[in-house]
Amino acid sequence: MNIKPLADRVLIKPAAAEEKVGGIIIPDSAKEKPLKGEVVAVGNGTKDEEMVVKKGDTVLYGKYAGTEIELEGEKYLIMRQSDILAIL
């Protein structure tokens, strides 16, 4: 994959959603979107905001944060660093 986020944006691969809960298989439409993921790529930051997250960090983000994109059959989120709530 050859993608480089611009400015203070971050590319995140969301963690997999829960498949089973107590022996019950949950269909895709009922799965809750994960709120954590791994940082795949980061931009250079801006003159006002330096990048705190780095590639490989596991982060928590808001439920409606970012834009979902699909690259090479994989789903990713691209969002601003300010949409990230915490680094785990």
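Me: In this predicted model, what is the relative accessible area of glutamate 68?
Reply: Glutamate 68 counts as partly exposed. That class lies between the limits of 20% and 50%. The computed value for glutamate 68 falls inside these limits, at 48%.

Me: Which side chain does glutamate 68 meet in a salt bridge?
Reply: Side chains of opposite charge can pair when their charged atoms come close. For glutamate 68 the N to O distance in the pair is 3.8 Å, and a salt bridge requires a distance within 4 Å. The partner is partly exposed, at 48% relative accessibility. The side chain that glutamate 68 meets is that of lysine 75.

Me: How many salt bridges does the structure hold?
Reply: The bridge between glutamate 68 and lysine 75 is one of them. Others include the pair of aspartate 8 and arginine 80, and the pair of glutamate 74 and lysine 13. The number for the structure is four.

Me: How many residues apart in sequence are aspartate 8 and arginine 80?
Reply: The side chains of aspartate 8 and arginine 80 meet in a salt bridge, at 2.7 Å from N to O. Aspartate 8 lies in the segment before β1, while arginine 80 lies in strand β7, so the pair ties together separate parts of the sequence, and the distance between them in residues is 72.

Me: Is aspartate 8 buried or exposed?
Reply: Its salt-bridge partner, arginine 80, is partly exposed, with a relative accessible area of 37%. Aspartate 8 has a relative accessibility of 5%. The limit for the buried class is under 20%, so aspartate 8 counts as buried.

Me: What is the N to O distance between glutamate 74 and lysine 13?
Reply: Glutamate 74 is partly exposed at 36% relative accessible area, and lysine 13 is partly exposed at 31%. Their side chains meet in a salt bridge, with an N to O distance of 2.3 Å.

Me: Which residues form the covered face of strand β5?
Reply: Strand β5 covers residues 58-61 and has two faces. Thr58 and Leu60 belong to the uncovered one. The covered face is formed by Val59 and Tyr61.

Me: What is the bridge partner of glutamate 38 in β5?
Reply: Strand β4, residues 36-42, runs antiparallel to β5, and three bridges join the two. In β5, the residue that partners glutamate 38 is threonine 58.

Me: Which residue in β8 stands opposite leucine 60?
Reply: β5 also pairs with strand β8, residues 84-87, in the antiparallel sense, over three bridges. Leucine 60 is on the uncovered face of β5. Across from leucine 60 in β8 is alanine 86.

Me: What accessible area do Leu60, Leu85 and Leu88 have together?
Reply: Leucine 85 is found in strand β8, and this residue is exposed, with a relative accessible area of 64%. Leu60, Leu85 and Leu88 form a nonpolar patch on the surface. Together their accessible area is about 310 Å².

Me: How far apart in space, C-alpha to C-alpha, are aspartate 83 and arginine 9?
Reply: Aspartate 83 has its place in the loop between β7 and β8 and is partly exposed, at 31% relative accessible area. Leaving aside neighbours within four places in sequence, aspartate 83 is in contact with residues including Tyr61 and Gly62. Arginine 9 is 74 residues from aspartate 83 in sequence. The C-alpha to C-alpha distance between aspartate 83 and arginine 9 is 9.4 Å.

Key: Residues numbered from 1 in each chain as written. Predicted model: local features only at pLDDT ≥ 70, side-chain atom pairs only at ≥ 80, totals over all residues. Heavy atoms only, no water. Buried < 20%, exposed > 50% of the residue type's maximum accessible area, 1.4 Å probe, protein only. Helix = DSSP H or I, 4+ residues; strand = E, 2+ residues; numbered from the N terminus. Pairing = 2+ DSSP bridges. Patch = residues over 30% accessible without salt bridge, like charges linked within 9 Å, V, L, I, M, F, W, Y side chains within 5 Å. Areas by Shrake-Rupley, 256 points an atom, 1.4 Å probe, with all protein chains shown as cover. Contact = heavy atoms within 4.5 Å.
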